[in-house]
Amino acid sequence: MSETAHRYYRPSSAAPISGIITMFTVGSLAAAVLAVIYGLLAYFNPFVYFTIIATAIFGAGVGMAIQYGTRIGRVRNRKVVIGVSFVIAAVAVYLCWVAYISLVIQMNADAEDKAAIGLVVTNPVAVTAFIQFFAENPLWEMRGSKPSASGLYTIWALEALIIGGIALLTGMGDCIPFCEACNRWTVPEELAAKVPLESAADFSQALEEEQYSKLLGLRSGTVNPLDCVHLTAYACPLCEETDHLTAVRKTITTNDKGEEETKERRVFENMIVPHSVVQGLATLPAETPAEEVVLSSEETAPPKADADVEEPPAV
């Protein structure tokens, strides 16, 4: 373990049973609603590329619900979050098939078969049988020819991987510090103060070594607004015991279409800092004013000797 590891936030790995239930409930409800919409798009949409985009959006929606359930359930154990996310992703894929099969029966079957929709779609064996039937009897064509069974199974497997992968990545989210004393998440606030790129390593080292008096001096360089380090503070809204700082390098460039693109790279994440340091950084402007540079410099001009002081002209 690194000698400075204690300077960074580490989750407590707490996972309340009520929080896990909340995660599963919120994620499953969102998956059910989104699965109906996705099933409609998969059945009526004639454009394959649009379906691919819808698949990614569906996975992201389920992931956002998982992340929301994690927050309100106060689950801090990352392994538990991953495990529950896998289960919810599997439920989401199954519900997609349930919605799609229900729609196919509704649009193509007679009245007697429609009455059995509820029984069929809640039976995993029946759902599996329908998937095999659709593979052997494709319902759509591409460029005048129907896909093979192996091709369809490959497409469906990729579809499930996209939904599950995006749901998992989105559901994990950022590692937000949790205040164990107050039993609540910290609140992020992006600070106006920026750090010059050339001072980023020294700024990080000063924080790790708790040499906070050096921080002002490290801001005295020229800040390039298109390529500099942005600071985000995480503080507990109820106490002053849980404060953390994250630094991200943001580089803004212009592409061939004249549009701005932003690339981000973390310099450090969730470093533990005193509340007074966060308050001090929060009061600083984005640009370093001249007087701050003078005050933070260790070299000051020597005072003039008495003989060097000019006398005022006689009246």
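How many salt bridges does the structure hold? In this predicted model, the structure holds 6 salt bridges, and the close-up views below take up some of them together with aromatic pairs, charges over rings and a nonpolar patch on the surface.

**View 1. Arg266 and its salt-bridge partners Asp174 and Glu269.** Arg266 pairs with Asp174 in a salt bridge whose closest N and O atoms are 3.4 Å apart. This pair links distant parts of the chain, 92 residues apart, with Arg266 in strand E6 (residues 260–272) and Asp174 in the loop between helix H7 (149–172) and strand E1 (178–179). A salt bridge also joins the side chains of Arg266 and Glu269, at 4.0 Å from N to O. Through these shared partners, Asp174, Arg266 and Glu269 become one network of salt bridges. Arg266 has a relative accessibility of 38% and therefore counts as partly exposed; Asp174, at 44%, counts as partly exposed, and Glu269, at 30%, likewise counts as partly exposed.

**View 2. The salt bridge between Lys250 and Glu190.** The side chains of Lys250 and Glu190 meet with a separation of 3.7 Å from N to O. Because Lys250 belongs to strand E5 (residues 243–254) and Glu190 to strand E3 (residues 187–195), the pair ties together parts that are 60 residues apart in sequence. Lys250 is buried, its relative accessible area being 19%, whereas Glu190, with a relative accessible area of 46%, is partly exposed.

**View 3. The rings of Phe178 and Trp185, with Arg76 and Arg71.** A pair of aromatic rings is described by the distance of the centres and the angle of the planes. A search of the whole structure finds 10 aromatic pairs. One of them is formed by Phe178 and Trp185, whose ring centres are 4.8 Å apart and whose planes stand at 80°, so the arrangement is edge-to-face; the angle is over 60 degrees, the cut-off for that class. Both Phe178 and Trp185 are buried. Each ring also has an arginine over it: the charged end of Arg71 sits over the ring of Trp185, 4.8 Å from its centre, while Arg76 lies over the face of Phe178, at 4.0 Å from the ring centre.

**View 4. An aromatic cluster.** Tyr43, Phe44, Trp97, Tyr100, Phe130, Phe133, Phe134, Tyr153 and Trp156 belong to one aromatic cluster.

**View 5. A nonpolar patch on the surface.** The patch is formed by Val48, Tyr49, Ile52, Leu139, Trp140, Ile155 and Ile162, which together have about 650 Å² of accessible area. Helices H2 (48–73) and H7 are the elements that give two or more residues to the patch, and H2 gives the most, with 3 residues. Trp140, another member of the patch, is found in the loop between helix H6 (124–136) and H7; its relative accessibility is 30%, which means that Trp140 counts as partly exposed.

Key. Residues are numbered from 1 along each chain as its sequence is written. This is a predicted model: local features need pLDDT of at least 70, side-chain atom pairs count only at pLDDT 80 or more; totals for chains, interfaces and linings use all residues. Side-chain values use heavy atoms; hydrogens and water are left out. Rings of Phe, Tyr and Trp (its six-membered ring) pair if their centres lie within 6.5 Å; planes under 30 degrees apart count as stacked, over 60 as edge-to-face and the rest as tilted. Buried means under 20% relative accessible area, exposed over 50%, partly exposed in between (1.4 Å probe, protein chains only). A charge sits over a ring if NZ of Lys or CZ of Arg is within 6 Å of the ring centre and within 35 degrees of the ring normal. Helices (H or I, at least four residues) and strands (E, at least two) are DSSP runs, numbered from the N terminus. Patches are made of residues with over 30% relative accessible area and no salt bridge: like charges are joined within 9 Å, nonpolar side chains (Val, Leu, Ile, Met, Phe, Trp, Tyr) within 5 Å. Accessible areas come from the Shrake-Rupley method with a 1.4 Å probe; for residues, only the protein chains shown count as cover.
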